[in-house]
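Colleague: I would like a close look at a single part of this model, with the neighbouring packing described carefully enough that I can follow it residue by residue.

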Amino acid sequence: MTAVPTVTLNNGVTMPQLGFGVFQVPDPETAAAVSHALEVGYRSIDTAAIYGNEVGVGQALASSGIARDDLFVTTKLWNSEQGYDATLRAFDASMDKLKLDYLDLYLIHWPTPARGLYTDTWKAFAKLAADGRVRSVGVSNFQPNHLTEIVEATGLVPAVNQVELHPRLTQEPLRAFHAEHGIVTEAWSPLGQGKGLLDDPAIAAVAAKYDRSPAQVVLRWHLQLGNVVIPKSVTPSRIAENLDVFDFELADADVAALSALNVDSRVGPDPDTNNEA
Ligand code: NAD
């Protein structure tokens, strides 16, 4: 079975560099997909309250027979639950669904800046961490100004910022900011949601050179940049394929060729203007 490398977060906790994402997987299908991922060797699972599939994730974890210590579970606080007290309640609700007594990583899903609640929310995250309910706390879709504000208010630096990142949105300035402040960059939609990006001729050329699939070379690009990745698939063969990326290495020129595809183009919302609640 593939051994997935780990990254060390700023509080010493280690996190698998490659995990399994379950965005848009309906709850009834989630347990089967997560069970398959665990069978082929994934140990890190990325869900969120808003995905509506924490129950399915919890079922797969419980029935896997894998020791809790060997799993790394991430979920996210939805925007409508931001604020100090609401956050503490939402955390308990997620834990009930996941059927876990501690979480590995809890993320604020979006800053929703117009609502002005992310700093109070982060204070509740600091309490959850101090109380040992969650091993590491982080954020998602935060821009440098949002990160600076929560660190100045609490002194607590997020372990992770999970952001949209793929060869068409390389996020160089944000990655540099993370590196400077000891924040791990986690890439969501690491495959650019598949279609379009994976058909790019430049990616096909690199894939042909290594006799690998386009998805595999894109994942390899992320790993060599130091990103944590959480590709999603419900297709068993692709779930296995996306994990089978630890026995080859892209040359620097091929990493650069993928980075050169950057056009700062998002598949998801802009964090500065997304105030969905
Ligand atoms: P992704 O980039 O992982 O792409 C998934 C899609 O790519 C699949 O639906 C499938 O169509 C295709 N695909 C997957 N493996 C393939 C393969 N081997 N070959 C060909 N096509 C393949 O997109 P995603 O699901 O949006 O992102 C991954 C995870 O990131 C999510 O499941 C979720 O956990 C997380 N996420 C977080 C946020 C956030 O705001 N924090 C937002 C979106 C996604």
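Colleague: Which polar backbone atom lies 2.7 Å from an oxygen atom of the ligand, that is, to which residue does that atom belong? Please carry on from there to the helices and how they pack.

Modeller: The model is a predicted one, and the backbone atom you ask about belongs to L191, whose polar atom is 2.7 Å from an oxygen atom of the ligand. The ligand is surrounded by 27 residues, and L191 is listed among the closest, together with D46, S140, S189 and N242. For D46 the side chain is what matters here, since one of its N or O atoms is 2.7 Å from a ligand oxygen. The side chain of N141 likewise places an N or O atom 2.9 Å from an oxygen atom of the ligand.

Turning to the helices, α2 (residues 54-64) packs on α3 at an angle of about 45 degrees, with the two axes 7 Å apart, and α2 is therefore oblique to α3. On the α2 side this contact uses E54, V55, V57 and G58, and on the α3 side S94, K97 and L98. Sorted by class, these residues are three nonpolar, two polar and two charged.

Helix α3, which spans residues 84-98, also packs on α4, residues 118-130, where the axes come within 8 Å and cross at roughly 45 degrees. This angle makes α3 and α4 oblique to each other, and their crossing is right-handed. From α3 the residues Y84, T87, L88 and F91 take part, and they meet D120, T121, K123, A124, F125, K127 and L128 of α4. The class count for the contact of α3 with α4 is six nonpolar, two polar and three charged residues.

Helix α4 in turn packs against α5, residues 144-154, at an angle of about 55 degrees and with the axes 10 Å apart, so that α4 is oblique to α5. The crossing of α4 and α5 is right-handed. Here Y118, T119, W122 and K123 of α4 meet H146, E149, I150, A153 and T154 of α5, and the contact divides into four nonpolar, three polar and two charged residues. Residue K123 deserves a second look, because K123 appears in the contact of α4 with α3 as well as in the contact of α4 with α5.

Terms used:
Residues are numbered from 1 along each chain as its sequence is written. This is a predicted model: local features need pLDDT of at least 70, side-chain atom pairs count only at pLDDT 80 or more; totals for chains, interfaces and linings use all residues. Side-chain values use heavy atoms; hydrogens and water are left out. Axes are lines fitted to C-alpha atoms, for helices over the stretch in contact, and angles run from 0 to 180 degrees between N-to-C directions. Helices (H or I, at least four residues) and strands (E, at least two) are DSSP runs, numbered from the N terminus. Angles under 35 degrees count as roughly parallel, over 145 as roughly antiparallel, 65 to 115 as roughly perpendicular and the rest as oblique. A crossing is left-handed if the near helix is turned anticlockwise from the far one by less than a right angle, and right-handed if clockwise. Contact means heavy atoms within 4.5 Å. Ala, Val, Leu, Ile, Met, Phe, Trp, Tyr, Cys and Pro count as nonpolar, Asp, Glu, Lys and Arg as charged, and the others, Gly among them, as polar. A residue is near a molecule or strand if one of its heavy atoms lies within 4 Å of it. A polar contact is a pair of N or O atoms within 3.5 Å; within protein, one must be able to donate a hydrogen and the other to accept it, and residues adjacent in sequence count only if both atoms are side-chain atoms.
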